[in-house]
Each structure stands twice: as C-alpha cells, then as structure tokens.
Amino acid sequence: MPATTDQLAQMSKEAYSHERARQIGSYLFDNELSDPEHAVYNDPTTKHSVLAARGTQLGHGVKTGLKDVRADLGIITGLDRMFGLGKRVDAANDVFNRVRGKYGGPVGVTGHSLGGAIAAKLAGRNDAVDS
C-alpha cells in the first residue's frame, strides 16, 4: 500500500532535517541511500519506497542557499538547466535508481517547494515512478 498523504508530507519535512525520523508509519528510514538533499524510506512488508527531495534551504550556508536559489530561478524562468535545477533532478534520479536497485519494488517521489518541483521533474522523466 502506498504511503498516505500525511506520511508523504512528513517524509518531505524530514528531507530538511539532519536528524531524520527513523520510522514513519510502516516506512523505515534508509540512512545508506539518503543524503543531505534526499530522504529515503522503505516499507519492508510491501517493498514500497519513497524518495523525498529537499526543497530550498537558506539557513545552511551560503553555498547551499545560493545553489537552491539558482534552482528556484530555473523554475520561475523555465530555464531549468541554466540555473542548476537539472543537476538536482539528475542527483535525485541517481538516488531513485539506487532505491530501485536495492529494494526492487515501486518507488514514489515527494517533496516540498523546490523538492516538489524536483519530484515532478523526476516523475516526468521516469516512467518507473509510482504515482
């Protein structure tokens, strides 16, 4: 069974956190596949996974903040690749493929703000995203 709307919202929130929730409902956090821009959760019973993409994060250093603002500008202007959104989508796609390789089941994507745009772009380029 796919994650509920509330669970997806919590996973999206956790993508911003340094200390991520170890479990959301029946979904367990995967520290190995997660990174500062992505939180990965898997339900071991159903084999369903969720990749949550972090959105814009301004309070965590100039480099991260500027990179995220550039990606936001890409969304606003429609010039995704020029402003760096493409790199974030490529990184999310790499994590997505590792999740599929490790668990083999369906993978949903979610995110908030910039993370939502990354999730939408990832779903648009990858037919294997579970909706």
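Buried here means under 20% relative accessible area, exposed means over 50%, and partly exposed is anything in between, with a 1.4 Å probe and protein chains only. Keep in mind that this is a predicted model, where local features need pLDDT of at least 70, side-chain atom pairs count only at pLDDT 80 or more, and totals for chains, interfaces and linings use all residues. Residues are numbered from 1 along each chain as its sequence is written, and side-chain values use heavy atoms, with hydrogens and water left out.

**Stop one: β3.** Select residues 38-42, which make up β3. Helices (H or I, at least four residues) and strands (E, at least two) are DSSP runs, numbered from the N terminus. 5 of the 5 residues of β3 are buried, so the strand is largely enclosed by the rest of the structure. Turn on the side chains: H38, V40 and N42 point one way, while A39 and Y41 point the other way.

**Stop two: the strands alongside.** Two strands count as paired if DSSP finds at least two bridges between them. Add β2 (27-29); this strand runs antiparallel to β3, with 2 bridges joining them, and F29 sits opposite Y41. Now bring in β4 (49-53), which pairs with β3 in the antiparallel sense over 5 bridges. Look for L51 in β4, the bridge partner of V40. Where does a positive phi turn up in this hairpin? Click on K47: its phi is near 70°, in a hairpin with 6 residues between the strands.

**Stop three: the largest nonpolar core.** A nonpolar core is a set of buried Ala, Val, Leu, Ile, Met, Phe, Trp, Tyr and Cys residues joined through side-chain atoms within 4.5 Å. The largest one has 16 residues, and V40, L51, F96, V99, V109, I118 and L122 touch the most other members. At least two residues each come from β4, α3 (85-103), β5 (107-111) and α4 (114-125), with α3 giving the largest share, 5 residues. Center on V109: leaving out residues up to four places away in sequence, V109 touches L51, F96, A119, L122, A123 and V129, where contact means heavy atoms within 4.5 Å. There's also a second, separate core of 10 residues, including M11, I24, Y27 and Y41.

**Last stop: α1.** Select residues 5-14 and pick out Q7, M11, S12 and E14, which are buried. Down the helix axis, the buried residues of α1 fall within an arc of 160°, so they line one face; the arc is that of the directions from the axis to the C-beta atoms. They pack against β1 (23-24), β2, β3, β4 and β5. Flip to the face turned away from the buried side, and you'll find exposed T5, D6 and K13.
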